[in-house]
Amino acid sequence: MDLTLMLPWFPIILAVALGGRLLGRPRSLVLGILCALFWVVLTLASRGAALWAQPLQVASLLTGAAAIVAMGAWAGSLASPESGPQRAGGDSKSSSGSEPNGPPCSETSDRLVLGPLSSVFVQFDDWLAIHRDDPDPWPRFDEFIRSMMYQTCRATHVRPYRLLSEHEDLIPLRETEITSDVKRVSARRGIVGHVVTTGRSYVAGDASQGHLVRHLAEESGDSFAWCFAVSHGPRRIGLVTVGALGIVPETNKALLCVVEDMVRLFWGMLCETCRSRAAETDDPVSGLLTLKAFLRVGEQTVTEAYDQGEPVALAVIALEQLRQLNDSGRWATVDELVREVCGTMRQKVRSDDTLGRFDGSRFLILLRRVDSELARLIMDQLVTRLADLCGNTARWRASIGVRCGVVGSGTEKPELPALISQAVRLCHRARREGTPIASDLRPVLEGSAAGAEQSESPPVEERSA
């Protein structure tokens with residue numbers, strides 16, 4: 001090949017080599033053929049038809065064209081599967097996920113997995129907006145967890161538990177009250193104890209967990225397909241067990257981890273919602289409802305009682321001389337006394353009665369299904385017990401008195417603010433006349449009469465439900 005043929009041939013074959021590395025095999029071969037034709041046409045245009053009369057020049061021309069085509073094929077075979085056109089091209093094998101080195105999930109599988117997960121966040125947002133003000137949202141949250149876990153990973157026989165740290169026991173999340181009849185699960189034994197203590201999840205058949213964990217699960221007899229702890233900050237607050245999974249755990253470990261994190265996130269959000277709501281409705285010292293919350297709940301209670309033809313009664317209990325403790329700087333003693341007084345009141349009323357803190361030294365009790373006479377007898381018992389507690393001068397180093405004003409709805413069905421105002425006036429009246437209780441039926445109860453009626457009055461717990 002002479003110099004006149006070599007000069008245009010060399011940059012063409014170099015361009016084919018570089019272009020082939022970028023385009024990949026199919027496109028680089030086409031590039032080589034096109035560049036070879038271009039070189040032939042360029043040579044004929046510069047030499048003319050006289051070139052065909054020189055056999056050596058013709059052979060050099062054809063050899064150079066073949067070399068260009070071969071360079072294109074060879075350069076394409078060395079191209080990276082993650083080259084630019086393959087990443088950008090929607091029809092490439094790598095972007096479609098069919099190449100072995102490509103992404104493991106296709107568009108269809110992404111939609112099947114991510115679709116339910118993304119919809120769960122919208123569902124929880126709607127659920128929280130509906131149930132955030134429920135008195136006890138946890139039983140409904142139990143139902144939401146079961147539905148969510150079936151929707152995302154086909155989990156069945158799901159049982160969420162809350163952790164009682166003081167007893168080291170687990171109780172079902174759907175239980176509204178912790179009683180002796182509630183079935184408890186030990187948080188220290190078996191595979192459940194391992195998960196709660198370590199915080200590491202258990203998946204049946206997972207070889208990465210080690211033979212000791214599998215042996216522990218077999219020994220404990222727990223037929224769980226999946227078990228994981230729920231933490232809120234640094235402490236454990238619950239546990240979720242799953243009896244069966246509708247997916248293969250070995251190939252869906254990432255999905256199980258995402259579902260665990262979602263449950264923990266939703267559980268923690270509900271905890272914070274309840275905590276923020278309690279900060280607005282519950283007095284931090286007494287644990288009773290604040291005045292604003294008491295008025296809201298009490299108005300609903302009074303309306304329901306009147307609609308059902310039931311009477312209500314309201315009592316105001318005042319602690320006298322409490323200001324002396326505050327003025328002397330003994331605020332911790334005041335808080336301790338208030339907590340014990342309110343604890344005693346909670347013990348003496350029913351679950352459907354409503355208690356609230358009126359101000360620093362006065363408290364409200366709304367009683368359902370009792371008239372003025374029965375309410376006076378109930379308050380007589382309660383005031384006697386509170387007087388014994390507050391009268392311990394050796395403990396409190398102050399003389400704390402207890403006064404009470406109690407009023408019933410009667411036949412006029414007054415509104416809650418009217419009941420509170422009348423009970424407050426009766427409480428002031430009891431103080432002026434030096435008696436423990438003043439009722440709307442009897443102006444003042446003498447001390448001896450009160451004691452006699454106390455002995456005849458039935459205990460609070462015997463009130464009809």
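**Strands E5, E6 and E1**

I began at the end of strand E5 and looked up the bridge partner of His232, which turns out to be Arg235 in E6. The model I am reading is a predicted one, and I keep that in mind for every entry below. E5 covers residues 226–232 and is joined to E6 by 7 bridges, with the two strands running antiparallel. Between E5 and E6 I found a turn of 2 residues, which makes the pair a hairpin, and Gly233 in that turn has a positive phi of about 75°.

I then asked which other strand E6 (residues 235–245) is joined to, and I noted strand E1, residues 155–164, which runs antiparallel to E6 and is linked to it by 7 bridges. For one position in this pairing I wrote down that Arg159 stands opposite Thr241 in E6. As a reminder to myself, side chains in a regular strand alternate between the two faces of the sheet.

**Cysteines**

How many disulfides does the structure hold? I recorded 0 disulfides, and I wanted to see the reason for at least one cysteine. For Cys404, the closest cysteine sulfur is that of Cys427, and because the two sulfurs are 6.7 Å apart, they are too far from each other for a bond; the cut-off for a disulfide is 2.5 Å. I also checked whether Cys404 is covered, and at 0% relative accessibility it counts as buried. Cys153 likewise has 0% relative accessibility and counts as buried.

**Salt bridges**

The structure holds 20 salt bridges, and I followed a few of them.

My first entry is Glu320 with Arg403, whose closest N and O atoms are 3.0 Å apart. Glu320 belongs to strand E7 (residues 312–320) and Arg403 to strand E10 (residues 401–408), so this pair ties together parts that are 83 residues apart in sequence. Are these two residues buried or exposed? Both Glu320 and Arg403 are buried.

My next entry is Glu340 with Arg395, where the closest N and O atoms are 2.2 Å apart. Glu340 sits in helix H13 (residues 331–348) and Arg395 in helix H15 (residues 393–396), so the salt bridge ties together parts that are 55 residues apart in sequence. Glu340 is partly exposed, with a relative accessible area of 27%, and Arg395 is partly exposed as well, at 34%.

I then turned to Asp352 and Arg369, whose side chains meet in a salt bridge at 2.4 Å, N to O. Asp352 lies in the loop between H13 and strand E8 (354–357), while Arg369 lies in the loop between strand E9 (362–368) and helix H14 (372–390), so the pair ties together parts that are 17 residues apart in sequence. Asp352 is partly exposed at a relative accessible area of 26%, and the value for Arg369, also partly exposed, is 26%. This pair belongs to one network, in which salt bridges that share partners join Arg350, Asp352, Asp353 and Arg369.

**A nonpolar patch**

Last, I looked at the surface and asked which residues form a nonpolar patch there. I listed Leu29, Val30, Ile33, Leu34 and Leu37, which together have about 440 Å² of accessible area. I picked out Ile33, whose place is in helix H2 (residues 25–47). Ile33 has a relative accessible area of 39% and is therefore partly exposed, and patch members need over 30%.

Terms used
Residues numbered from 1 in each chain as written. Predicted model: local features only at pLDDT ≥ 70, side-chain atom pairs only at ≥ 80, totals over all residues. Heavy atoms only, no water. Patch = residues over 30% accessible without salt bridge, like charges linked within 9 Å, V, L, I, M, F, W, Y side chains within 5 Å. Areas by Shrake-Rupley, 256 points an atom, 1.4 Å probe, with all protein chains shown as cover. Salt bridge = Lys/Arg side-chain N within 4 Å of Asp/Glu carboxyl O. Helix = DSSP H or I, 4+ residues; strand = E, 2+ residues; numbered from the N terminus. Buried < 20%, exposed > 50% of the residue type's maximum accessible area, 1.4 Å probe, protein only. Pairing = 2+ DSSP bridges.
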